[in-house]
Each structure stands twice: as C-alpha cells, then as structure tokens.
Amino acid sequence: MRRVTTARRTSATRIIFWDCPGTADARSAAVSSLDARGLSPREVGSWFWDRGLCPRSCFPPLPRKGDSGSWRVRYGQVDMISGVVYADGACTRFWFWPEAARAGWGFARLEKGRIDVLTYGALPGPVQTSPRSELYAFLQVLQITVLPLTVYSDYKGLIKGLALGPLWCCHPRRPNIDLWELIWKKVRDLGGLGETLVVRHARAHQRGNDMHVKGNRWADVTATLGRDLHS
C-alpha cells in the first residue's frame, strides 16, 4: 500500500487517499477482460462511462444551462393561482462529475380532482441541486398566489423549514439562504401560514389514482421537463 496524495480536510473529517498496486492490477485485468467484439464504439464507451473508468479529459462538454427564470406553460393559465397545488423539483447528478448537475422545477394545480395547470422551468443559477429546485418550485407558486392556497410538496426539508421558522431557515450556516429569504418574504406578504396558506407533505412516487398521488406525479413530470430544458 502506498500513499499517492496528500491529506485534505472536509468539514471535521480528515481524508487520506491511498493507492494499492494489487487493486490497480485487479482493476486493469477486469477492464481488459471486456469482450468488445460486436459492440459499437458508443456501446464500448458506455461500458467504461457507467463504471467511472473514463478520465475527466474524455468527458463530453458540460450540458448547456437553460434560460434563467423563464416559465413554460404546458397547460392552463398561470396569471394567478389558488386552490390545491403540487410543487416538485428534479435534478440529475453524477457522483464523478458534480459540475454537470442540472435541475428543474414544476408545479401542477388540481381543480375538482382534474389537472388544471401545468407549469415548469429550468433552475437558474450556478448551484444545481435537488433541494434548491424543490425550494425554487415552491417560491414560483408563491409568486402568483391568490389565497386560499394549499401546497403539497414531497420535499421534507421544505416542511421542516416552514415549521421551524425563518430564524432557523435563514441562519448563516444553512444552505440556500437566498431562496429561504425570498420564501419567507412572500409568506409574510400573504399574511403568514395559516388557514388560507397551508403547506403539507405529499409522499413521493406512490401508485394509485388518489388525488394526491396524481397531483404529485404530474408535478414530478413537469419538474423533469424543466430539468430537460438544460440539454
């Protein structure tokens, strides 16, 4: 076993990377055993790519980022919104290529159990994460809210933050402070959380024809469409 890199610190954890020649030999043998006969160059490349065996110099160009702040309306009118709304975010990340992450947001409104509004967009800004896309989706709903409104989200971080209050959400050490500050400003402008402005948790990726299942499913679809605007 030999040391090949220097130690670095992340938070309070000391991490040292080591390289084992025996492991490297076994890894090389496994790679050389690939029978590429009959495979296209694209299929061979995918085999290496899926296993994280491609050097960063071989990575494709970063995916293009979508238009910042633009909305796409797939169905209905979004001048104002009230009633029951389902908000969601979607993000694609690669553990070996974090800067290629791209996220989107979307929301769906149900009227008497039927889809009435579908709206989505790409998450703007350099930070592309799933929690940020979830918060951004909720913020977009608040921008055009006419009370009364009930918002369902499958992001527990949103439910927890609203329950703990603005001091907890906007603490300097919390992530996404900029979005939390905008969210709480809109909540205060609407008179605060209460009978006319309600935020509830919806379980994600459920099956069935229940209204909440249907609403969350459509919100997830729209968020995925927003994420795909980056490509």
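Hi everyone. Let me begin with a term: a crossing of two helices is called right-handed if the near helix is turned clockwise from the far one by less than a right angle, and left-handed if it is turned anticlockwise. We'll need both words in a few minutes.

What you have in front of you is a predicted model. How many helices and strands does the protein have? The secondary structure comes to seven helices and ten strands. The protein has 231 residues, and 35% of them count as buried. Now take the contacts in the protein with a separation of 6 or more: residues 24 or more positions apart account for 65% of these.

Let's go to the helices, and keep an eye on α6, residues 177-189. Its partner in our opening example is helix α4, residues 156-164. The axes of these two helices come within 12 Å and cross at roughly 60°. An angle of 60° falls outside the roughly parallel range, which ends at 35 degrees, and below the roughly perpendicular one, which begins at 65, and α4 and α6 are therefore oblique to each other. And here is the term from the start: the crossing of α4 and α6 is right-handed.

Which residues of α4 meet α6? They are G157, L158, G161 and L162, and on the α6 side their partners are W180, I183 and W184. Sorted by class, that contact has five nonpolar residues, two polar ones and no charged ones.

Now turn to the pairing of α6 with helix α3, which covers residues 130-143. Here the axes are 10 Å apart, and the helices pack at an angle of about 25°. Since angles under 35 degrees count as roughly parallel, α3 is roughly parallel to α6. The handedness here is left: α3 passes α6 in a left-handed crossing.

The contact list runs as follows. From α3 we have R132, L135, Y136, F138, L139, L142 and Q143. From α6 come D178, L179, W180, L182, I183, K186 and V187. By class, the contact of α3 with α6 has ten nonpolar, one polar and three charged residues. If you look back at the α4 contact, you'll find W180 and I183 there too.

While we're on α3, please find A137, which sits in that helix. Is A137 buried or exposed? It counts as buried, because its relative accessibility is 0%. Leaving out residues up to four places away in sequence, A137 touches A87, D88, W105 and G106. There is also G121, 16 residues from A137 in sequence, with the two C-alpha atoms 8.9 Å apart in space.

Just before α3, in the loop that follows β8 (114-122), is P124. This proline is buried too, with a relative accessible area of 18%. P124 and R102 are 22 residues apart in sequence, while in space they are 9.5 Å apart, C-alpha to C-alpha.

Next, a look at two strands. Strand β9 spans residues 145-153 and is home to P148. The peptide bond leading from L147 into P148 is cis, with omega near 5°. Strand β10, residues 197-201, contains V198. V198 is buried, at 17% relative accessible area. Again not counting residues up to four places away in sequence, V198 touches L149, T150 and V151. Y152 is 46 residues from V198 along the chain, and their C-alpha atoms are separated by 8.6 Å.

One backbone detail brings us back towards α6. In the loop between α5 (166-169) and α6 you'll find N176. N176 is not a glycine, yet it has a positive phi of about 60°. It is also buried, with a relative accessible area of 15%.

Last, the cysteines. A disulfide is a covalent bond between the sulfur atoms of two cysteines. How many disulfides does the structure hold? Zero. For C169, the nearest cysteine sulfur belongs to C170 and is 6.1 Å away. A disulfide here needs the sulfur atoms within 2.5 Å, so C169 is in no disulfide. C169 is buried, with a relative accessible area of 0%, whereas C91 is partly exposed at 22%.

If you take one picture away, let it be α6 with its two neighbours: α4 crossing right-handed, and α3 crossing left-handed. Thanks for listening!

Methods. Residues numbered from 1 in each chain as written. Predicted model: local features only at pLDDT ≥ 70, side-chain atom pairs only at ≥ 80, totals over all residues. Heavy atoms only, no water. Axes fitted to C-alpha atoms, helices over the stretch in contact; angles between N-to-C directions. Helix = DSSP H or I, 4+ residues; strand = E, 2+ residues; numbered from the N terminus. Parallel < 35°, antiparallel > 145°, perpendicular 65-115°, else oblique. Contact = heavy atoms within 4.5 Å. Nonpolar A, V, L, I, M, F, W, Y, C, P; charged D, E, K, R; others polar. Buried < 20%, exposed > 50% of the residue type's maximum accessible area, 1.4 Å probe, protein only.
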